[in-house]
Amino acid sequence: MYNKSIFSPNHNNLDSRLRGNDVTRIGVIGGGQLAQMLAQAAAPLSIEVYALVDNPDCPAQHDAKLMIGDQNNPHDVKNFLSEIDVLTFEFENVNFTYLENTYTPIYPPLSALKIAQDRELEKTCFVDNAVPTTQFKITHNQAECRAAINEIGLPVVIKTCRDGYDGKGQAVIRSTSDLETKWSLFEGKRVIVENLVKFDREVSIIAVRSQKGEIAFYPLTENQHRDGILRISRAPYQNPHLQNLAEHYAAKILKSLKYVGVLAIEFFVVGEQLIANEMAPRVHNSGHWTIEGTHTSQFENHIRAVAGLPLGSTAARGYSAMVNFIGELPDVEAISALKNVHFHSYHKTARPGRKLAHATVCAESKKELENVLDLLLKL
Ligand code: AMP
């Protein structure tokens, strides 16, 4: 049930005299930690983030203006759109039904979201833009899946084409008996079969494109995952060849989609090659280090892009590492005692597998970074 502006953050009524553009209210569907950090980045620009949420007890509650409503209810969506100048997103799984014929500008474009919602479309987008990706086959039942595995060769990863995130909806298949035991999760679903890439490391590029077509890239980030969830990011990952390659691939996708906002692409590094795994048409967990680790964070640049402002510098300040706290919260006092470590809580109740907070370590050298990171990981 839509309930207009019942919850407001303290920074309401921002000074409109600061504004040089017309966008002062950016709507976000969702009120998670990404909406929270977008709102934190928007406030100094005199821009308010309005979050459409079904539950006011959400990470964005202290920073965004919450609108209680349901994205699947046409009236709630209509009312929400009437309150904002521009709409953006913090997750891919958005219901487009009531967004397609609206006058409210939407950035990034819905076409980019549609692609990112479906692994088949996403892989096709990589192929169409000549961005190297894994081998893949789309299957619709167990027999087709078995045939695809025979063609690609074991080991493979099978993933549901839709609704999978943070390693959910996927399984590594190393033997034919593996397929039998793990199949129940995939029954009745469209499934993508990919070769299991023996990568040297995983990296991501965060890129941003403005409404005028200006493009900026952050330095590559090296990412460590466990159980499909991002645990630690380190940046910059300094490899000029791979940086150029990642920028080249990201630019092709940004231009082909007429993209506006932040786009993240995750790659496997194999020797001197990059193999695209997936992309996210939004600010990304592997870019959280940019809040303290660069001149303009991914959140601020996303806000700038969707508000029609020029982009800010994406250059790194020294070396950074970000640690996700998953399932349980660390001792904030112990974290605060560490030098140049910045803690970000998402105001969530602890639950196994839930991202609750992150901390970013900033350092002037790689050695110092690893020393402090070591201390942080031992807490
Ligand atoms: P995804 O949800 O596709 O990002 O997958 C989560 C994580 O699973 C990735 O970050 C990788 O660590 C691993 N993974 C996914 N697909 C593959 C693949 N084809 N080969 C090797 N590892 C993979």
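Which side chains meet in a salt bridge at 2.8 Å, N to O? In this predicted model, the partners are E92 and R282. Their context is given by the domain division, in which domain 1 spans residues 5-106, domain 2 covers 135-195 and domain 3 runs from 201 to 377.

The centres of domain 1 and domain 3, taken over C-alpha atoms, lie 23 Å apart. To the contact, domain 1 contributes 21 residues and domain 3 contributes 21 residues. The size of an interface is often expressed as the accessible area lost when the parts come together. For domain 1 and domain 3, the buried area amounts to about 1,800 Å², and carbon and sulfur atoms supply 69% of that area. One salt bridge is found across the interface of these two domains.

Empty space in a structure is revealed by rolling a probe the size of a water molecule over the atoms. The second largest pocket of the model has a volume of about 310 Å³. Its lining consists of 15 residues, and those that lie nearest the centre of the pocket are R226, V323, N324, F325 and L377. Two or more lining residues are given by each of the strands β12 (221-226), β13 (229-235) and β16 (319-326), and by the helix α11 (366-377). Strand β16 provides the largest share of the lining, with four residues. In terms of residue class, the lining of this second largest pocket comprises nine nonpolar, three polar and three charged residues.

Conventions
Residues numbered from 1 in each chain as written. Predicted model: local features only at pLDDT ≥ 70, side-chain atom pairs only at ≥ 80, totals over all residues. Heavy atoms only, no water. 1 Å grid on protein atoms, 1.4 Å probe; cavity = no way out; pocket = protein on both sides within 12 Å on 5 of 7 lines; lining within 4 Å. Points joined across faces, edges and corners; volume = space filled by probe spheres on them. Nonpolar A, V, L, I, M, F, W, Y, C, P; charged D, E, K, R; others polar. Domains from an automatic or database assignment. Contact = heavy atoms within 4.5 Å. Buried area = accessible area lost by both parts, 1.4 Å probe. Salt bridge = Lys/Arg side-chain N within 4 Å of Asp/Glu carboxyl O.
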